[in-house]
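Trainee: Could you take me through one part of this protein in detail? I'd like a close look at the disulfides and whatever is packed and paired around them.

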Amino acid sequence: MPNEAIVYSGPYEVERLRRRRDRRVQEYLFRRSIRTHVAMPDMTPCRIAKLVLYFIVFFVVLAAFTGGMALLVMAYHIPPDMPGCKKFPGLSSVPGKWKGDVKHILWGDANQKQLGAIRRQMSRAVERYGLEGQRRLMPCNLDDSWGYATGKPCILLKLTQALGFEAITYDHGIDLPDDAPDELYNYLSDLGTEARTNRIWVHCSFKKEEGLDIHIEYVPERFFDSEHLFTARNVFLNRSSDDETSTYEEDPSLRRIIGVQFAHIPSNRDIYIRCQVWAKNIPFYMGTVRFHVRRTAPVHPTTPLVLDEWYEKNL
């Protein structure tokens with residue numbers, strides 16, 4: 001048979017050589033397993049006691065670490081809701097920009113850019129109340145610029161929400177603390193008994209300086225009606241209806257905003273104003289807002305310039 005007709009079926013290996021090779025591989029694996037094998041020690045009482053002690057120490061250290069981390073989180077992390085802490089309402093205001101703890105309000109009667117920024121701030125604060133809010137604060141916005149274009153600027157004061165809070169109010173002038181302003185004491189003393197109950201009073205004052213005679217008015221009143229003020233919704237009896245069982249609902253947030261209007265503010269002069277809410281359980285640091293108000297106007301020279309005098313003498 002010619003060599004070209006032979007078909008090879010694979011590499012040829014003698015069976016005796018293959019058995020010898022397999023034997024050498026098995027011996028090598030056996031010797032390697034002996035070198036790396038670690039025998040399991042016997043479970044003696046001493047070894048069991050050590051294992052139990054190790055487990056106890058491990059879990060004690062783990063509990064101490066977990067407890068320490070929990071204490072750190074509780075001490076230095078303020079949760080967003082804090083359901084276990086007593087909450088107080090604060091006092092917010094528009095317009096103006098915060099600089100430190102004082103709110104600055106700067107405008108000019110003819111500066112449309114400043115007036116536009118003030119109108120946008122005031123509109124954003126009132127638009128959520130709809131037509132009822134605009135009607136409530138209408139005396140502040142007769143010029144459609146919240147008084148800033150006509151020299152009678154308004155500041156809106158709002159009590160922040162604190163659900164479930166019940167205000168303890170000053171129902172008599174004699175209940176006011178010694179540091180209360182005399183104007184607020186006289187105002188409460190002139191009111192009747194029914195007009196003094198369940199009301200969080202508001203008082204704004206300015207720093208007394210020579211030549212300042214600023215007039216302050218409150219729109220619609222100088223108080224926040226505290227009856228069911230911090231609830232989701234109030235239901236009242238509709239006394240104007242013929243049906244004695246008819247009721248109407250009111251959003252109490254509408255009564256948490258009032259306006260303070262100032263008149264006779266001089267131009268180009270720094271004026272410092274402070275507004276406070278007066279209730280027995282509202283801290284002063286939560287219910288006080290300070291303002292730095294400045295109304296700008298062009299300044300015209302009242303005396304001739306030195307250069308003009310020189311020209312007049314040399315003509």
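Mentor: Here is a walk from the disulfides out into the sheets and the nonpolar cores.

Keep in mind that this is a predicted model. With a cut-off of 2.5 Å between cysteine sulfur atoms, the count comes to two disulfides. Number the bonded cysteines along the chain and the pattern reads 1-2, 3-4.

Start with C140 and C154, whose sulfur atoms sit 2.0 Å apart. The angle about that S-S bond is -60°, which makes the link left-handed. C140 is in the loop between α4 (130-136) and β4 (154-159), while C154 belongs to strand β4 itself, so the bond ties together parts that are 14 residues apart in sequence. Buried means under 20% relative accessible area here. C140 comes out at 1% relative accessibility, so it counts as buried, and C154 at 0% is buried as well.

The other link joins C204 to C275, with 2.1 Å from S to S. This one is right-handed, at 115° about the S-S bond. C204 sits in strand β5 (residues 199-206) and C275 in strand β11 (residues 270-278), so this pair ties together parts that are 71 residues apart in sequence. Both C204 and C275 are buried.

Now look at the strands that carry those cysteines. β5 and β11 also pair with each other, antiparallel, over six bridges. Within that pairing, S205 faces R274 of β11. β11 is joined to β12 as well, by seven bridges and again antiparallel. There I273 has F291 in β12 as its bridge partner.

β4, the strand that holds C154, is part of an open sheet of four strands, with the order β1-β4-β10-β6 and antiparallel pairing. The edges of that sheet are β1 (91-94) and β6 (215-219), each of which pairs on one side only. Direction ignored, neighbouring strands in this sheet are turned by 25° against each other on average. Between β1 and β4, which run antiparallel, there are four bridges, and L91 stands opposite L159 of β4.

So what fills the space among these strands? The largest nonpolar core has 47 residues, and L157, I200 and F291 have the most contacts inside it. The elements that each supply at least two residues of this core are β3 (102-108), α3 (112-126), β4, β5, β6, β10 (257-263), β11 and β12 (288-296). β4 gives the most, with five residues.

L157 is a good residue to zoom in on. Leaving aside neighbours within four places in sequence, L157 is in contact with both C204 and C275, the two partners of the right-handed disulfide. The contacts of L157 also include L91, S92 and S93, along with I257, I258 and V260. V202, F224, R256 and F291 are on that list too. F291 turns up repeatedly: F291 is among the residues with the most contacts in the core, and F291 is the bridge partner of I273.

There is also a second, separate core of eight residues, including Y170, W201, F223 and W278.

To pull the disulfides together: C140 and C154 link a loop to strand β4, whereas C204 and C275 link strands β5 and β11, which are also paired through six bridges.

How values were computed: Residues are numbered from 1 along each chain as its sequence is written. This is a predicted model: local features need pLDDT of at least 70, side-chain atom pairs count only at pLDDT 80 or more; totals for chains, interfaces and linings use all residues. Side-chain values use heavy atoms; hydrogens and water are left out. Buried means under 20% relative accessible area, exposed over 50%, partly exposed in between (1.4 Å probe, protein chains only). Two strands pair if DSSP finds at least two bridges between them. Axes are lines fitted to C-alpha atoms, for helices over the stretch in contact, and angles run from 0 to 180 degrees between N-to-C directions. A nonpolar core is a set of buried Ala, Val, Leu, Ile, Met, Phe, Trp, Tyr and Cys residues joined through side-chain atoms within 4.5 Å. Contact means heavy atoms within 4.5 Å.
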